[in-house]
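Got the viewer open? Load the model, hide the side chains for now, and follow along stop by stop.

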Amino acid sequence: YKGSDGTFIPAGDSQMVCYVINHASGPIYIVYEKKGYPSASIQIVQQAAFKQTIEKITSDKIVADLNNSGKSILYINFDVDKSTLTNDGNDVITEIEEALKKDASLKIIIEGHTDNTGDGAHNKKLATDRANSVMQALIAKGIDKSRLNAKGFGAERPLVANDSEENKAKNRRVELVKM
């Protein structure tokens, strides 16, 4: 049983034994819990160094992606099940704005995408609303509306199969597509 603070908490008549194996790759923690009825649980955790997997979105990267492949895949933070941009999301809008200012002839389609959780029609509307939120934020920053178009696709165009939380997160994205 995992407590809310991340600790292991025995329940009822459970007996717990904890082990640490000092391995060359780092410590391995083992927690064995024998319950008062015919069952047991075991949890094994291996400590590893943090690996940075998210790159900071920059205007230079957006421009390079648009020039090299015709699109830039962005993970913009919104409030859950809403089209409201978070502060982190607004930081990405600033980078898109800078990318568009670097190339005054650049025109983009802002595509909203979701994973397949929930109702398809709701997801398509949510994706459209999020794409429009990005477009409106860029217009508010002085980008001419004639350079922007917004479309929502919901879960219609996944990058990867929606078969894990990690893959679903990859599918929740905004794509900038060069017109």
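**Getting your bearings**

Of the chain's 179 residues, 35% count as buried (under 20% relative accessible area with a 1.4 Å probe, protein chains only; exposed is over 50%, partly exposed in between). This is a predicted model, so local features need pLDDT of at least 70 and side-chain atom pairs count only at pLDDT 80 or more, while totals for chains, interfaces and linings use all residues. Residues are numbered from 1 along each chain as its sequence is written, and side-chain values use heavy atoms, with hydrogens and water left out.

Switch to cartoon: you have 4 helices and 7 strands (DSSP runs numbered from the N terminus; helices are H or I with at least four residues, strands E with at least two). Along the sequence they come as β-β-β-α-β-α-β-α-β-α-β. Contacts (heavy atoms within 4.5 Å) with a separation of 6 or more are 56% from residues 24 or more positions apart.

**Stop 1: the three-stranded sheet**

Select 15–23, 26–34 and 40–46. This is an open sheet of 3 strands, ordered β1-β2-β3 with antiparallel pairing (two strands pair if DSSP finds at least two bridges between them). β1 and β3 are the edges, each with a single partner strand, so one side of each has no neighbour in the sheet. From one strand to the next the twist averages 15° (axes are lines fitted to C-alpha atoms, for helices over the stretch in contact; angles run from 0 to 180 degrees between N-to-C directions). Between β2 and β3 there are 7 bridges; pick Ile28 and you'll find its bridge partner in β3, Gln46.

**Stop 2: the four-stranded sheet**

Now select 71–74, 108–113, 148–154 and 173–178. These 4 strands form an open sheet in the order β4-β7-β5-β6, with mixed pairing. The edge strands are β4 and β6, each pairing on one side only. Neighbouring strands here are turned by 20° against each other on average, direction ignored.

Add helix α1 (59–69): α1 packs on the sheet and touches β4, β5 and β7, with its direction at about 135° to that of β4.

Zoom in on two pairings:
- β5 and β6 run parallel, joined by 6 bridges; Gly112 has Gly152 as its bridge partner in β6.
- β4 and β7 are antiparallel over 4 bridges; Lys71 has Val177 as its bridge partner in β7.

Turn on the side chains of β4. Ser72 and Leu74 point to one face and are buried, while Lys71 and Ile73 point to the other and are not.

**Stop 3: Ile108**

Centre on Ile108, in strand β5. How buried is Ile108? Its relative accessible area is 0%. Leaving aside neighbours within four places in sequence, Ile108 has contacts including Leu66, Ile96, Leu148 and Val177. Measure C-alpha to C-alpha to Glu175: 9.5 Å in space, although the two are 67 residues apart in sequence.

**Stop 4: the largest pocket**

Finally, show Phe78, Val80, Asp81, Arg130 and Arg172, the closest to the largest pocket's centre of the 21 residues that line it. The pocket (an open set of points on a 1 Å grid over the protein atoms alone, where a 1.4 Å probe fits, with protein on both sides within 12 Å along at least five of seven lines; lining residues have an atom within 4 Å of a point) holds about 470 Å³ of space. That volume is the space filled by probe spheres set on the points, which are joined across faces, edges and corners. Select α3 (120–140), β5 and β7, the elements giving two or more residues to the lining; α3 has the largest share, with 5.
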